[in-house]
Every structure is written in C-alpha cells, then in structure tokens.
Amino acid sequence: MTEPHEWSAEFTARAARRTAEPEPDWTHVSRLHPAVVRSVQKFQVGESGDGAHLIANAATVGDRDYETAIRLFVAEEQNHARMLAGILRSAGAQTKGAHWSDTVFVHLRRLMGLKLELMVLAIAEIVALRYYRALADGGGDDLLTDVSERILDDERHHVPFQCRRLNLAFDGIRAPARIFVKNAWRTLALGVVVVVAVDHGPALRACGVTRRSFVVDTMQLFDDAAATVFDGVLMRV
Ligand SMILES: [Fe+2]
Ligand SMILES: [Fe+2]
C-alpha cells in the first residue's frame, strides 16, 4: 500500500538540495570531440520535452502526490536539457531541433497509457545511466564530467521511481502474462539500446566505450531494473 506523500517527498528534497547547490562553472570553455558534440545535441533534444502527455497520464491514477512527483520529475528532466544546452554553449556549439529518434520516441509514448509510457520511458532512463557514465568517465572535459555526474545522480533516482510504479501496476497479474510482458519489454529495450549504440557509436568510442560493451552493460542495468518490477528484487544503484 502506497503511503501518502511517498512519491514526491524525495523529489521535493532533491529540488531543495539543487537550489542550494552552486551551478556548474558556465565560464569554463569545453573542448569536446566533434562526435560527442553531435551526440549531446541529440540527447539534449530528448531531455527537453514538456512532459504534458506524461503529466496527463499520471493524473489518471487519482493520486495527487504521484502527480506532484511526476511534475517534479519532468522539471528534473528539463533541468538536464538546460545543463546540456550549457555544455553545448561552452563548446561553441548550438542546440538542435527535433531529431528523428526523439520524434519516434515521443509518438510511441503518446499512443500509450501510463503503464506503457513508463515502460518506454524507463528504457530511456536506463540508457541514460550508461550513456552519462561514459561521458563522465571518458569525455575528457571537467564541465562535461560535472554535468554528467549531476544528471546521473538524478537518473539513479528516476529508474527506481519508475520501476516502483510499474511494480504496483503489474502487481497481481498472472505468471504467464508477467513473463510475456517482461520478455516483450526486454526485446523492445534491446532494440532501443542497439539503435542508440549504433547512432551514438562514434561518441561512445571517443569516450573509450565500444558499442558492444555499451549494449552489454546497458542490458545488465535493464535486467536489474526489470527484476525489481517483476520479481520484487531491490535495485542496486
Ligand atoms: Fe534525463
Ligand atoms: Fe531521467
């Protein structure tokens, strides 16, 4: 049984901490690999949605605290977009308009109810865990590392947040259906992860990460997350 205020309390505390924290050093001049710039431009678009559809879907749950949490979650994602735009500016690069992969992703999510939307969103957040780790460790720029670590800190909270909701949503469905949904979700995740690995391969390579290891590592993170949804296993973060 979900306790009142359980969903939003952590987001509220994190927002207060963020306000008290100094901003990244925006006077820094970043020297980024051109492939990393192109890759960050695409991720910046992905992080910048207004979340209107997700907020509307969350309202259908009938839990005001969960709705508040989703609004705070969307604000954190918009803060990621803002910081990535700052990185691009520091490297003398522009932000970009919609990228095809983002357009596909947004359309896919809009076709869905909350449960499916969270499943697709969770895949993006798990991809982000491995992607920003690569940028933080191998991007070779202090500002990029700082921003990536801040985003990672949020994503390490977002993934269990989405998984907890999904765990509730799938509570009580019968074993054959659980197995089917889990396998379908994993197949979709693998497809997305392979597309990201191919599309962002040059940037990952510039950060010292092969496409193959990106896929293997990200699917391990996915399997850990899926276990928390379907097998009630506590998540390692
Ligand atoms: Fe994000
Ligand atoms: Fe996130």
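I take as donors the N, O and S atoms within 2.8 Å of the metal. The model I am reading is predicted.

**Entry 1: the bridge.** I began with the two iron ions. Glu 77 bridges the iron ion (ligand 2) and the iron ion (ligand 1). The two ions lie 3.5 Å apart.

**Entry 2: iron ion (ligand 1).** I listed the coordinating residues and found Glu 47 (OE), Glu 77 (OE), His 80 (ND1) and Glu 155 (OE), at 2.0 to 2.3 Å. Along the chain these donors follow the spacing E-x29-E-x2-H-x74-E. I then looked up the angles among the four donor atoms, which run from 75 to 156°. The site is irregular. Four donors count as tetrahedral if all angles lie between 85 and 135 degrees, so the range of 75 to 156° does not fit that class. Glu 77 belongs to helix α4 (residues 64-90) and Glu 155 to helix α7 (residues 142-169), so this pair ties together parts that are 78 residues apart in sequence. I noted that Glu 77 and Glu 155 are both buried.

**Entry 3: iron ion (ligand 2).** Its protein donors are Glu 77 (OE), Glu 125 (OE), Glu 155 (OE), Glu 155 (OE) and His 158 (ND1). They lie 1.8 to 2.8 Å from the ion. I wrote down the spacing of these donors along the chain as E-x47-E-x29-E-x2-H. Glu 155 and His 158 both sit in helix α7, three residues apart, which is about one turn of the helix. I checked the accessibility of the two: Glu 155 is buried at a relative accessible area of 1%, and His 158 is buried at 0%.

**Entry 4: aromatic rings.** I counted ring pairs next, and the total comes to 11 aromatic pairs. In the pair of Phe 11 and Phe 161 the ring centres are 4.8 Å apart and the planes stand at 80°, so I entered the pair as edge-to-face. Phe 11 is in helix α1 (residues 9-20) and Phe 161 in helix α7, so the pair ties together parts that are 150 residues apart in sequence. Phe 11 counts as buried, at 0% relative accessibility. Phe 161 is buried as well, with a relative accessible area of 2%.

I then looked at Phe 73 with Phe 161. The ring centres are 6.2 Å apart and the planes at 35°, so this pair is tilted. Phe 73 lies in helix α4 and Phe 161 in helix α7, so the two tie together parts that are 88 residues apart in sequence. Phe 73 is buried, as is Phe 161. I entered Trp 7, Phe 11, Tyr 66, Phe 73 and Phe 161 as one aromatic cluster.

**Entry 5: the whole chain.** I closed with the overall figures. The secondary structure amounts to 10 helices and zero strands. The radius of gyration is 18 Å, and this agrees with the value near 18 Å that a compact globule of 237 residues would have. Along the principal axes, the C-alpha atoms fill a box of roughly 55 × 40 × 30 Å. Of the 237 residues, 46% count as buried. Among contacts with a separation of 6 or more, 81% are between residues 24 or more positions apart. The chain exposes about 11800 Å², of which carbon and sulfur atoms supply 58%.

Note on methods:
Residues are numbered from 1 along each chain as its sequence is written. Chains are lettered from A and ligands numbered from 1 in the order in which they are written. This is a predicted model: local features need pLDDT of at least 70, side-chain atom pairs count only at pLDDT 80 or more; totals for chains, interfaces and linings use all residues. Side-chain values use heavy atoms; hydrogens and water are left out. Donors are N, O and S atoms within 2.8 Å of the metal (3.2 Å for Na, K and Ca); water is not among the atoms, so sites may look incomplete. Four donors count as tetrahedral if all angles lie between 85 and 135 degrees; four count as square planar and six as octahedral if opposite donors are over 155 degrees apart and all others between 65 and 115; anything else is irregular. Helices (H or I, at least four residues) and strands (E, at least two) are DSSP runs, numbered from the N terminus. Buried means under 20% relative accessible area, exposed over 50%, partly exposed in between (1.4 Å probe, protein chains only). The radius of gyration is taken over C-alpha atoms; the globule rule is 2.2 Å times the number of residues to the power 0.38. Contact means heavy atoms within 4.5 Å. Accessible areas come from the Shrake-Rupley method with a 1.4 Å probe; for residues, only the protein chains shown count as cover. Rings of Phe, Tyr and Trp (its six-membered ring) pair if their centres lie within 6.5 Å; planes under 30 degrees apart count as stacked, over 60 as edge-to-face and the rest as tilted.
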